[in-house]
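Me: Hello! Please take a close look at the salt bridges in this structure, and then show me the setting they sit in. I work at the bench, so concrete residues and distances would suit me well.

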Amino acid sequence: MKRTAMIGIVLGICVWSWGQDKSTPQNAPAGQSSGQGSGQASGQAAAPQGKRPAKVNSQEEYNAYKAAAAITDPAAAEKAADDFAAKYPQSEVRPMVYKSVMQRYQQANNGEKMVEMAKKVLAIDPDDPEALVSKAQVEVEKVKDDSLDKDVLLTEAKKDAERALVTVDTDVPVSGYPEEQLKMYKNFIRSQAYFVLGSAAFKTSNWPEAETNLRKSIDALPQQPDVIAVYRLALSLDFQNKIPEALKAVQQAVDLTKDNPDSPAGKAARQEQDRLQKYASTGTSGQTTAPPKN
């Protein structure tokens, strides 16, 4: 799943920035108000420039940041982040320290602590798109059909995802980054945000809206499609009786789990594929219940 595979890229894009010369004035991103040719058509709106990279005020602060961000144990990393924030309460890199901890908890599959770290980031920078989508993703996945707080969780998740789609163009520093790395990072955020919106619609049985947003999630990062997004797209199409399209989507989910066919996602994809193939050939699913809403 891209939500794990992309962590290294996300972390790398954050840490790499702070290793630059902090005394050098920030240059405009290539092709944006820099005096260089951008190929932009006359009268065309300029792309959002993002915010300036965070500053560190001393070598000591920078070394402390690097040391905290390098810790791989989630609990130890969290303590180091809290210590850093206490020692440097005005540091602009505090969000980066807490995001590195957030990513450690994501790797450990600890959603509760992941959200806790995301909230610490958002307390400092309410528009951080990575923290917004990370929090939203955990919230939307917590929702079950019988959840008493279903509406609250889905409303909050959708609000965060929609905000991330705006701030990914305004709250991400762009100066000094390799263009392809920056593009992949932003597309990762967009893919996450549309996944949340699609999943929220899926969990309220709004199949057309789920289809639209899950397609956007997949299209935002086509080189690393998320199997859960693809599987939920197949189900959303199935519930709309779009069988040929559903078969195509579920085949992709099967292909994505070819190395792990016995994983929960692999089993679910193959069960749905079998059901759809029976329906396509005989006009009956071979079962009396609808496909599972996983």
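**Salt bridges and their setting**

Reply: Happy to. The model is a predicted one, and a total of 22 salt bridges is found in it. As a general point, side chains of opposite charge can pair when their charged atoms come close.

Let's start with Arg-163 and Asp-127, which form a salt bridge with their closest N and O atoms 3.0 Å apart. Arg-163 belongs to helix α8 (residues 150–167), while Asp-127 sits in the loop between α6 (111–124) and α7 (129–142), so this pair ties together parts that are 36 residues apart in sequence. Both partners have some access to the surface: Arg-163 is partly exposed because its relative accessibility is 37%, and Asp-127 is also partly exposed, at 25%.

A second bridge stays inside one helix. Lys-135 and Glu-139 meet with 3.2 Å from N to O, and they are 4 residues apart in helix α7, which means that about one helical turn separates them. The geometry of a helix helps here: with 3.6 residues a turn, residues three or four places apart point the same way. Are these two charged residues, Lys-135 and Glu-139, buried or exposed? Lys-135 has a relative accessibility of 6%, so it counts as buried. Glu-139 is buried too, at 9%, where the cut-off for that class is under 20%.

The third bridge to look at is between Glu-245 and Arg-215, at 2.9 Å from N to O. Here distant parts of the chain are linked: Glu-245 lies in helix α12 (residues 243–256) and Arg-215 in helix α10 (residues 207–220), 30 residues apart. Glu-245 is partly exposed, with a relative accessible area of 37%, and Arg-215 is partly exposed as well, with 30%.

Some bridges share partners. In this way Lys-135, Glu-139, Glu-156, Lys-159 and Asp-160 are joined into one network. So the pair in helix α7 described above belongs to a wider set of charged contacts.

Now for the setting. The chain has 13 helices and 0 strands, and 48% of its 294 residues count as buried. Among contacts between residues at least 6 apart in sequence, 65% join residues at least 24 apart.

The nonpolar side of the picture begins with the largest core, which has 51 residues; Tyr-65 and Val-93 have the most contacts inside it. At least two residues of this core come from each of α3 (59–69), α4 (74–87), α5 (94–107), α6, α7, α8 and α9. Helix α9 supplies the largest share, 9 residues. A second, separate core of 25 residues includes Ile-218, Ala-246, Ala-268 and Ala-269.

Helix α9 deserves a word of its own. With 24 residues (179–202), helix α9 reaches 34 Å from its first C-alpha to its last, close to the 34 Å expected at 1.5 Å a residue. Why is α9 described as largely enclosed by the rest of the structure? The reason is that 18 of its 24 residues are buried.

Aromatic rings add a few more contacts, with 3 aromatic pairs found in the whole structure. The ring centres of Phe-84 and Tyr-88 are 5.0 Å apart and their planes are at 40 degrees, so this pair is tilted. Phe-84 and Tyr-88 are both buried. Phe-202 and Trp-207 make an edge-to-face pair, with 5.4 Å between centres and 75 degrees between the planes. These two residues, Phe-202 and Trp-207, are buried as well, and ring pairs link them with Phe-239 into a cluster.

Finally, a word on confidence. The average pLDDT of the chain is 84, and 80% of the residues score at least 70. Residues 7–47 are a stretch to read with care, as pLDDT stays under 50 there; the model has 55 contacts for this stretch beyond four places in sequence. The pLDDT is also below 50 over residues 286–290, a stretch with 2 contacts in the model beyond near neighbours in sequence.

Technical notes:
Residues numbered from 1 in each chain as written. Heavy atoms only, no water. Salt bridge = Lys/Arg side-chain N within 4 Å of Asp/Glu carboxyl O. Buried < 20%, exposed > 50% of the residue type's maximum accessible area, 1.4 Å probe, protein only. Expected span 1.5 Å × (residues − 1). Core = buried A, V, L, I, M, F, W, Y, C linked by side-chain atoms within 4.5 Å. pLDDT = per-residue confidence, 0-100. Contact = heavy atoms within 4.5 Å. Phe/Tyr/Trp six-rings, centres within 6.5 Å; stacked < 30°, edge-to-face > 60°.
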